[in-house]
Amino acid sequence: MDRTQILLVGLPIFLFFTDIINLFSPSPPPKSSHHNPIPQPQPQQPHLQQQPLDFPTKKQSGFDPIVAGPVGIGNTVSIDFCISCSYKGTAVTVKNMLESLFPGINVVLANYPPPLPKRVISKVIPVIQTGIIIAITAGDQIFPRLGVTPPQLYYSLRANKFRSIASTWLLANFVQSFLQSSGAFEVYFNGELVFSKLKENRFPGEFELKELIGNRIVGVRLLELK
């Protein structure tokens, strides 16, 4: 092996062992600095004297018909709604909204009854319902004592008593509920109709009702100032 080959083989081996020795040898301690930094003088900021802020004071003279006192005091909003239509939750929500928007306002909730003919028929429906159920259950004893021949419908109903009684009960309740419902949600301001669900076929919106009632309260206040 000549010198060139020995050099090419020995140099990598030498570098390898040098790296191993450097890897396991302790690192020298860091140099300590004995120079203390010289503190720099901080520029003094001028002391700003706080001046009291001038807020605009409320006018003592004059009268604002919108904000003077409880805005809704002396006014009454009546909400007549259909109880059998499950509108009570909506009516209570509207009542709370109006009382929070217009403090002092009196909101009255009441049922809006259906027309008189529907109310009369709705009172007759339970009587018919009870009569049919009694005839189905005890018709074989009632008709002979009355001396009346049962109609053909009676025998059809008695063929399946349970189904006939259940159908009669559900159908009569549905008809009675329909007759008792008016579908109304009427809003009155001091006796004046301001919104009608029967006419609009919808419920009033929050901003819509706020504007309707607010404009009328302003009108009442302006009339009181004249």
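In the predicted model, Ile-132 is placed in helix 3, which spans residues 116–146. With a relative accessible area of 33%, Ile-132 is partly exposed. A separation of 22 residues in sequence lies between Ile-132 and Tyr-154, and their C-alpha atoms are 9.3 Å apart in space.

The segment preceding helix 3 was examined next. Pro-115 is located in the loop that runs between strand 2 (106–111) and helix 3. The relative accessible area of Pro-115 is 49%, and because exposure is assigned only over 50%, Pro-115 is classed as partly exposed. Along the chain, Pro-115 and Ser-181 are 66 residues apart, whereas a distance of 9.6 Å separates their C-alpha atoms.

At the level of the whole chain, the secondary structure consists of seven helices and four strands. Their order along the sequence is α-β-α-β-α-α-α-β-β-α-α. The protein chain has 226 residues, of which 23% are buried. Among contacts with a separation of 6 or more, 71% are accounted for by residues 24 or more positions apart.

The packing of helix 2 (residues 88–101) and helix 7 (residues 206–225) was then considered. The axes of these two helices come within 11 Å, with a crossing angle of roughly 50 degrees. This angle falls neither under 35 degrees nor in the range of 65 to 115, and helix 2 and helix 7 are therefore oblique to each other. The crossing of helix 2 past helix 7 is right-handed. On the side of helix 2, the contact is formed by Val-94, Met-97, Leu-98 and Leu-101, and on the side of helix 7 by Glu-206, Leu-209, Lys-210 and Ile-213. Classified by residue type, the contact of helix 2 with helix 7 comprises six nonpolar and two charged residues, with no polar residue.

Cysteine pairing was assessed over the whole structure, and one disulfide was found. This bond links Cys-82 to Cys-85, with an S to S distance of 2.3 Å. The link of Cys-82 and Cys-85 is right-handed, with 70 degrees about the S-S bond. The two cysteines fall into separate accessibility classes: Cys-82 has a relative accessible area of 1% and is buried, while Cys-85 has a relative accessible area of 22% and is partly exposed. The value for Cys-85 places this residue in the partly exposed class because the buried class is confined to values under 20%.

Backbone geometry was also inspected in the loops. Ser-86 occupies the loop between strand 1 (76–81) and helix 2. Phi of Ser-86 is near 65 degrees, which is a positive value in a residue other than glycine. Ser-86 is exposed, having a relative accessible area of 65%. A positive phi is likewise found at Asn-201, a residue other than glycine, where the angle is near 60 degrees. Asn-201 lies in the loop between helix 6 (197–200) and helix 7. The relative accessible area of Asn-201 is 66%, and Asn-201 is accordingly classed as exposed.

Terms used: Residues are numbered from 1 along each chain as its sequence is written. This is a predicted model: local features need pLDDT of at least 70, side-chain atom pairs count only at pLDDT 80 or more; totals for chains, interfaces and linings use all residues. Side-chain values use heavy atoms; hydrogens and water are left out. Axes are lines fitted to C-alpha atoms, for helices over the stretch in contact, and angles run from 0 to 180 degrees between N-to-C directions. Angles under 35 degrees count as roughly parallel, over 145 as roughly antiparallel, 65 to 115 as roughly perpendicular and the rest as oblique. A crossing is left-handed if the near helix is turned anticlockwise from the far one by less than a right angle, and right-handed if clockwise. Contact means heavy atoms within 4.5 Å. Ala, Val, Leu, Ile, Met, Phe, Trp, Tyr, Cys and Pro count as nonpolar, Asp, Glu, Lys and Arg as charged, and the others, Gly among them, as polar. A disulfide is a pair of cysteine sulfur atoms within 2.5 Å. Buried means under 20% relative accessible area, exposed over 50%, partly exposed in between (1.4 Å probe, protein chains only).
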